[in-house]
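This report covers strand pairing and cysteines. Please view the sequence and the structure first.

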Amino acid sequence: MNYICLVEDEQKVAGFICKGLEENRYKVKTAKNGEEAEAFISAEKFDLLILDVMLPDTNGIDLCRKVRLTDQQTPILMLSALEQVQNKVSGLKAGADDYLVKPFHFGELLARIEALLRRKHVPATEDHILEFDDLKLDTWSNTAERAGRQIVLTAKEYGLLELFMRNPNKLLSRDYIAEKVWGIDFDTGTNFIDVYMNYLRKKIEKDFKRKLIHTVIGMGYIMRAER
């Protein structure tokens, strides 16, 4: 049974979400503010975090950023009544894996949660080791290494790398990357795709002479080994 930490100060909303999740066989612990959430998260291991942006003692985006200082792997879903693209981008840049705008249908929330947790339930028939050049990705343990050296990735960086390793030597547009990794339409007025690509490239290419991900100006990115 997956264990979820829900951080939501609105009692009715928290009750609605908690009841729905428990009916769908999730175990839920609810925090009503940032301080309580930090105490829960530091004391227990959760499979997923749901953070409301507007909390009485802090901003959910700041809380997300704090969590990511010590936990790069646990999926984080942000909830907010703020639907402007820039608010979504801020949440994603802080380390969130997905962003859902209130009000929402519970079915959509459930689908987002299932998508974020799906990576932990890879079918045994699927080859769980992806390899490209000297880079290796284990989709069962969600770990990456290059030339035997372990690479620590955030959940979104992992999602990006998996996308490229499943599509080697293919040009991937920013629109395609945004849709597959974030599940949103890409806004040309923002640069969050480029920001995350920069994060990923630094991690997999630092101290290595050979670059694996290349920018195609005005078109997107491609994973290609150059000798």
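## The hairpin of β7 and β8

In this predicted model, β7 and β8 make a hairpin in which four residues lie between the strands. Within that turn, Asn142 has a positive phi of about 55°.

The pairing of β7 with strand β8, residues 143-146, is antiparallel and runs over four bridges. One of the facing pairs consists of Asp138 and its bridge partner Thr143 in β8.

## The hairpin of β6 and β7

Strand β7, residues 135-138, is also joined to strand β6, residues 129-132. Four bridges link β6 and β7, and the two run antiparallel. Across this pairing, Glu131 stands opposite Lys136 in β7.

β6 and β7 form a hairpin with two residues between the strands. Here Asp133 takes a positive phi near 55°.

## Cysteines

How many disulfides does the structure hold? The count is zero. A disulfide is a covalent bond between the sulfur atoms of two cysteines. A pair is counted here when the sulfur atoms lie within 2.5 Å.

Why does Cys5 form no such bond? The closest cysteine sulfur, in Cys18, is 11 Å from the sulfur of Cys5, so the two are too far apart for a bond. Cys5 is buried, with a relative accessible area of 0%.

For Cys64, the closest cysteine sulfur is that of Cys5, at 13 Å, which is again too far for a bond. Cys64 is likewise buried, and its relative accessible area is 1%.

Technical notes:
Residues numbered from 1 in each chain as written. Predicted model: local features only at pLDDT ≥ 70, side-chain atom pairs only at ≥ 80, totals over all residues. Heavy atoms only, no water. Pairing = 2+ DSSP bridges. Buried < 20%, exposed > 50% of the residue type's maximum accessible area, 1.4 Å probe, protein only.
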